[in-house]
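Let's walk through this model together, from one charged pair outwards to the whole chain. Keep the viewer open as you read.

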Amino acid sequence: MYIMNGRIGNDEVGKPTSKNTSVVDYAISTADVLYLVENFDVLPFSSLYSDIHCPLELVLNCSNIKQSNVNINVESGENNTYIGKWNHDQVNEYKENLDKESISQLLSFIMTKTENVQNVDKNTIDEIVNEIRDVLLNSARNTFGEFVQKTYGFDYTGGKQNHRDWFNTECRRERRAFRKSKRI
């Protein structure tokens with residue numbers, strides 16, 4: 001594990017991350033991911049994002065990574081619904097599928113919520129981000145389609161049973177995805 005603060009990108013000096021007093025927020029990476037880091041920086045303090053912490057900016061260059069079939073999970077449950085893979089040839093169709101009425105409502109919602117910046121809090125930002133996400137995902141669904149990943153009714157644990165109550169199918173799936181990402 002490597003701490004990136006004070007070593008990489010625009011933060012080679014080790015800027016403070018807590019209202020110009022100390023470094024309390026860290027970006028940590030493994031050696032496998034470190035070569036992807038294009039830039040790291042500690043941005044100026046803003047009361048919009050935190051009470052005392054400065055935002056960290058991490059830019060990764062993933063252009064040399066072998067692309068895998070990564071799909072966005074838009075529902076949870078046994079049969080997960082996924083949005084089809086991005087296809088650059090369908091960019092214009094994606095743009096056309098953006099719901100202009102929803103975008104207009106979203107803009108007025110943002111303007112209303114942010115009239116007084118002092119009243120903007122984490123919940124307001126979360127609301128706005130979720131609304132933007134919904135507009136973009138709806139366009140993606142309409143453009144690239146949806147499919148359901150089927151579960152096959154068996155619970156393979158690789159030979160060794162894990163009897164912890166919390167270690168369920170979702171944990172196994174996440175562990176498999178994590179191990180797969182380490183191999184990339």
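Lys 113 is partly exposed, with a relative accessibility of 32%; here buried means under 20% relative accessible area, exposed means over 50%, and partly exposed is in between, with a 1.4 Å probe and protein chains only. This is a predicted model, in which local features need pLDDT of at least 70 and side-chain atom pairs count only at pLDDT 80 or more, while totals for chains, interfaces and linings use all residues. Residues are numbered from 1 along each chain as its sequence is written, and side-chain values use heavy atoms, with hydrogens and water left out.

What does the side chain of Lys 113 meet? Its partner is Glu 127, in a salt bridge of 3.7 Å, N to O. The term stands for a side-chain nitrogen of Lys or Arg within 4 Å of a carboxyl oxygen of Asp or Glu. Lys 113 belongs to helix H3 (residues 100-113) and Glu 127 to helix H4 (residues 122-144), so this pair ties together parts that are 14 residues apart in sequence. Helices (H or I, at least four residues) and strands (E, at least two) are DSSP runs, numbered from the N terminus. Glu 127, at 36% relative accessibility, is partly exposed.

Helix H4 also holds Ile 125, whose C-alpha atom is separated from that of Lys 113 by 9.1 Å, with their positions 12 residues apart along the chain. Ile 125 is partly exposed at 28% relative accessibility. If neighbours within four places in sequence are left aside, Ile 125 is in contact with Leu 48 and Val 120, where contact means heavy atoms within 4.5 Å.

Staying in helix H4, you can find Lys 122 and Asp 126, which sit four residues apart, about one turn of the helix. Their side chains meet in a salt bridge of 2.9 Å, N to O. Lys 122 is exposed at 60% relative accessibility, and Asp 126 is partly exposed at 31%. Another salt bridge joins Arg 141 and Glu 146, with the closest N and O atoms 3.1 Å apart. Both residues of this pair can be placed by their accessibility: Arg 141 is partly exposed at 23%, and Glu 146 is partly exposed at 45%. The structure holds five salt bridges.

Now turn to the surface charges. Which residues form a positive surface patch? They are Arg 175, Arg 176, Arg 179 and Lys 182. Patches are made of residues with over 30% relative accessible area and no salt bridge, with like charges joined within 9 Å and nonpolar side chains (Val, Leu, Ile, Met, Phe, Trp, Tyr) joined within 5 Å. Lys and Arg count as positive and Asp and Glu as negative, while His and the chain ends are not counted; each charge is placed at NZ of Lys, CZ of Arg, CG of Asp or CD of Glu. Lys 182 lies in helix H5 (residues 169-183) and is partly exposed, with a relative accessible area of 47%.

A nonpolar surface patch of about 450 Å² is made by Met 1, Ile 3, Tyr 26 and Ile 28. Accessible areas come from the Shrake-Rupley method with a 1.4 Å probe, and for residues only the protein chains shown count as cover. Met 1 is in the segment before E1 and is exposed, with a relative accessible area of 75%. Among the contacts of Ser 29 beyond four places in sequence is Met 1, along with Tyr 2, Met 4 and Leu 34. Ser 29 itself is in strand E2. Is Ser 29 buried or exposed? At 6% relative accessibility, Ser 29 counts as buried.

Val 24 is in the loop between strand E1 (2-3) and strand E2 (28-29), and is partly exposed at 42% relative accessibility. Outside its neighbours within four places in sequence, Val 24 is in contact with Thr 17, Ser 18 and His 53. Val 24 and His 53 are 29 residues apart in sequence, and 8.3 Å apart from C-alpha to C-alpha.

Finally, step back to the whole chain. Its secondary structure comes to five helices and six strands, which run β-β-α-β-β-β-α-α-α-β-α from the N terminus on. Of the 184 residues in the chain, 22% are buried. The accessible surface comes to about 14000 Å², and 51% of this belongs to carbon and sulfur atoms. Among contacts between residues at least 6 apart in sequence, 58% join residues at least 24 apart.
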